[in-house]
Amino acid sequence: MPETTLSRTLRSASELAEAGLVAPAEVAALEAVASRYAIAVTPAVAALIETKDDPIGLQYVPDAAELVTLSDELDDPTADAPFTPVKGIVRRYPDRALLKPLLACPVYCRFCFRREVVGPDGGLLTEAELREAIAWLAATPEVREVILTGGDPLMLSPRRLAWLVGELSRIPHVEIIRVHTRVPVADPERVTEALAAALETDRALYLCVHANHAREFSDKAAGALRRLAGKAALLGQSVLLRGVNDSAAALEDLFRAMLRHRVKPYYLHQLDKAPGTARFRVEPAEGLRLVAALRGRLSGLGQPSYVVETAGGGGKVPVAWVA
Ligand SMILES: *Cc1c(COP(=O)(O)O)cnc(C)c1O
Ligand code: SF4
């Protein structure tokens with residue numbers, strides 16, 4: 001637990017130790033983790049961590065277990081690579097495509113399904129690559145929805161983001177722009193008026209906020225969500241995670257927190273089997289019991305679809321179909 005309020009993001013095991021988030025004896029083992037999977041804990045997130053094993057600490061503080069890969073874990077669990085027609089685009093469905101303008105995130109989640117590719121120094125499309133991806137979208141009229149993801153698109157500067165949203169808004173067949181982001185809860189100070197203004201568009205804009213625990217909805221996050229609610233319809237996406245939200249009470253609190261902040265829970269994801277994430281697994285049968293327990297105790301507005309990514313890039317389906 002940090003003794004004083006941090007002013008900058010923690011990015012190494014020794015910085016985590018200095019802030020009191022990990023023991024000095026763990027630093028060497030965690031530097032080995034950090035050499036493979038990026039670390040970032042923002043001041044806003046550090047302020048919410050009481051211990052590294054609490055529901056916030058578990059999500060962001062690295063653990064030596066991350067270097068153990070189980071036989072059923074995959075580097076690219078959602079199989080993005082075979083569905084990439086041009087750099088930065090993933091198209092698995094006729095009517096919608098992902099555009100990944102960069103692979104940096106405000107924080108690096110220890111359970112991330114793209115953990116083999118996300119990081120602070122990777123994946124920023126060059127201007128030429130971004131123009132090529134936009135040209136592909138413009139030349140593919142079946143695509144009616146563009147989903148900005150990454151990495152985290154709200155890591156772009158307001159100027160670049162406004163340019164990108166403007167370019168997408170000029171494509172006649174793009175009816176919906178969707179932005180997937182962890183910034184509102186993980187780095188709420190980044191959501192300035194200028195960033196919110198960069199999202200201005202005449203298209204339907206949906207902003208899908210990734211959060212996994214009610215405590216992530218801090219006062220600062222509430223301010224960020226208020227600024228964004230004026231620009232976009234807000235949706236919530238969460239991952240079912242052992243030790244973070246694996247009880248009916250924790251899920252109920254999470255979805256109630258979303259609804260209070262005008263965020264409609266959209267998806268609860270079964271954890272993808274990315275390398276070194278076994279400590280977060282909740283089996284589908286248990287997940288189905290938890291989701292069933294929410295029926296009747298929480299408004300229909302607060303009931304997301306519980307979905308799993310099917311093997312080999314088959315897309316997301318309700319867990320109930322396959323469990
Ligand atoms: C998750 C995903 C989408 C969006 O799916 P929805 O069910 O519409 O939210 C689109 N394309 C790819 C490649 C995806 O992984
Ligand atoms: S913000 Fe999303 S993409 Fe980035 S590390 Fe977390 S889960 Fe992965």
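Student: What makes Glu66 and Arg110 a salt bridge?

Tutor: In this predicted model, the side chains of Glu66 and Arg110 meet with N and O 3.0 Å apart. The cut-off for an Arg nitrogen and a Glu carboxyl oxygen is 4 Å, so the pair qualifies as a salt bridge.

Student: And which parts does that pair tie together?

Tutor: Glu66 sits in the loop between helix 4 and strand 1 (89-93), while Arg110 is in the loop between strand 2 (96-99) and helix 5 (127-138), so the pair links parts that are 44 residues apart in sequence.

Student: How do you know which domain each residue belongs to?

Tutor: Check the bounds: domain 1 is 13-67 and domain 2 is 81-322. Glu66 falls in domain 1 and Arg110 in domain 2. Across that interface, the rule finds five salt bridges, and a search of the whole structure gives 32.

Student: How many residue pairs are in polar contact between the domains?

Tutor: The count is 15 residue pairs, with both residues at pLDDT 80 or more. On the domain 1 side, helix 3 (43-46) and helix 4 (57-60) are the elements that give two or more residues to the surface touching domain 2. Helix 4 has the largest share, three residues.

Student: What is the make-up of that side of domain 1: nonpolar, polar or charged?

Tutor: The residues there divide into 16 nonpolar, two polar and five charged.

Student: How do you know the two domains touch, with what numbers of residues in contact?

Tutor: Contact calls for heavy atoms within 4.5 Å, and 23 residues of domain 1 are in contact with 28 residues of domain 2. The area buried between them is about 2,100 Å², with carbon and sulfur atoms giving 55% of it. Tyr37, Gln59 and Tyr60 supply 29% of what domain 1 buries against domain 2, more than any other three residues. As for the domain centres, taken over C-alpha atoms, 23 Å separate them.

Student: On to ligand 1: what puts a residue on the list around it?

Tutor: A heavy atom within 4 Å of the molecule does it. The residues around ligand 1 are Val90, Arg92, Tyr93, Arg96, Leu98, Ile147, Arg178, Tyr266, Tyr267 and Lys316.

Student: Why call the approach of Arg92 to ligand 1 a polar contact?

Tutor: A side-chain N or O atom of Arg92 is 3.4 Å from an oxygen atom of ligand 1. The limit is 3.5 Å, so that pair counts.

Student: What about Arg96 and Tyr267?

Tutor: Run the check again. A polar side-chain atom of Arg96 lies 2.7 Å from a ligand 1 oxygen, and for Tyr267 the value is 2.5 Å. With the limit at 3.5 Å, these therefore count as polar contacts too.

Note on methods: Residues are numbered from 1 along each chain as its sequence is written. Chains are lettered from A and ligands numbered from 1 in the order in which they are written. This is a predicted model: local features need pLDDT of at least 70, side-chain atom pairs count only at pLDDT 80 or more; totals for chains, interfaces and linings use all residues. Side-chain values use heavy atoms; hydrogens and water are left out. Domain bounds come from an automatic or database domain assignment. Buried area is the accessible area (1.4 Å probe) that two parts lose on being put together, summed over both. A polar contact is a pair of N or O atoms within 3.5 Å; within protein, one must be able to donate a hydrogen and the other to accept it, and residues adjacent in sequence count only if both atoms are side-chain atoms. Helices (H or I, at least four residues) and strands (E, at least two) are DSSP runs, numbered from the N terminus. Ala, Val, Leu, Ile, Met, Phe, Trp, Tyr, Cys and Pro count as nonpolar, Asp, Glu, Lys and Arg as charged, and the others, Gly among them, as polar.
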